[in-house]
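Work through the exercises below with the sequence and the 3D structure at hand. Each task is followed by a solution in steps.

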Amino acid sequence: MEQDEPGEAMRELRERRLGVLELLQAAVGSGLAVYAAWALLLQPGFRRVPLRLQVPYVGASERQVDHVLSLLRGRPGKMVDLGSGDGRIVLAAHRCGLRPAVGYELNPWLVGLARLHAWRAGCAGSVCYRREDLWKVNLRDCHNVSVFLAPSVLPLLEDKLQAELPEGARVVSGRYPLPTWQPVAVMGEGVDRVWAYDVRSGGSAGQASPGPSSASVPGAPNSQAG
């Protein structure tokens, strides 16, 4: 009996080693699967955009969507989401009465996913998702704009918005504020915070204009955002 104990111990040790190897293989396999999904689903759109203008996709949370709609609800005119991802903001905007609602997204897989969500919601013929580079979209007829972009591209976005948006248009930026514009309203905390800006011609972009479109939210900063 005692002679068999070393053999049994060796067998147990081998089994444990095999278990560790299986865990390592599973971890490596999972990592490769995640990379493959990223390369297949998210990378295709990046290939057409200069590196400095690339923005990774991170879906907006339900609270972030609610805050965006709170700052746009009731406003007339076309609503666009620049970098619309899976289309959740556009779909929610249409449902709350912001029409027409259009999403611009370069990644074909995300555009397809957005259209699927719209179809499942019974809104396939009511909302529009276009596979276009947001930097090439003409914004001259857009009165309500939402953006959830990386801070590195926001200075360039300011220039585009100032040059193209009509007077009275409102921009809502999620997660990060526009670096030099003055917000007229701020809502939420932490990563769920969003900033609203009203566009004025002949004046500073983001400057509050009188009327219901410049409703303020308690806690909005008095100095320039960023």
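**Exercise 1.** In which loop does proline 100 lie?

Solution. Proline 100 lies in the loop between H3 and strand S2 (101-104). Helices (H or I, at least four residues) and strands (E, at least two) are DSSP runs, numbered from the N terminus. Next, look at the bond before this residue: the peptide bond from arginine 99 to proline 100 is cis, with omega near 0°.

A note on the source: this is a predicted model, in which local features need pLDDT of at least 70 and side-chain atom pairs count only at pLDDT 80 or more, while totals for chains, interfaces and linings use all residues. Residues are numbered from 1 along each chain as its sequence is written, and side-chain values use heavy atoms, with hydrogens and water left out.

**Exercise 2.** Place aspartate 86 and decide whether aspartate 86 is buried or exposed.

Solution. Step one: aspartate 86 is in the loop between strand S1 (78-82) and helix H3 (88-95). Step two: aspartate 86 counts as buried because its relative accessibility is 8%; buried means under 20% relative accessible area, exposed over 50%, partly exposed in between (1.4 Å probe, protein chains only).

**Exercise 3.** Find the side chains with which the side chain of aspartate 86 makes a polar contact.

Solution. A polar contact is a pair of N or O atoms within 3.5 Å; within protein, one must be able to donate a hydrogen and the other to accept it, and residues adjacent in sequence count only if both atoms are side-chain atoms. One partner is the side chain of tyrosine 57, at 3.2 Å. Another is the side chain of arginine 88, at 2.5 Å.

**Exercise 4.** Which residues does histidine 94 touch, not counting residues up to four places away in sequence?

Solution. Start from the position: histidine 94 is in helix H3. At 9% relative accessibility, histidine 94 counts as buried. With contact taken as heavy atoms within 4.5 Å, histidine 94 touches Arg99, Ala101, Cys123, Ser126 and Val127.

**Exercise 5.** Where is isoleucine 89 in contact with residues beyond its neighbours within four places in sequence?

Solution. These contacts are with Ala60, Val65, Val68, Met79, Asp81, Ser146 and Phe148.

**Exercise 6.** Locate arginine 175 and give its phi.

Solution. Arginine 175 is in the loop between strand S5 (170-174) and S6. Its phi is near 75°, a positive value in a residue other than glycine.
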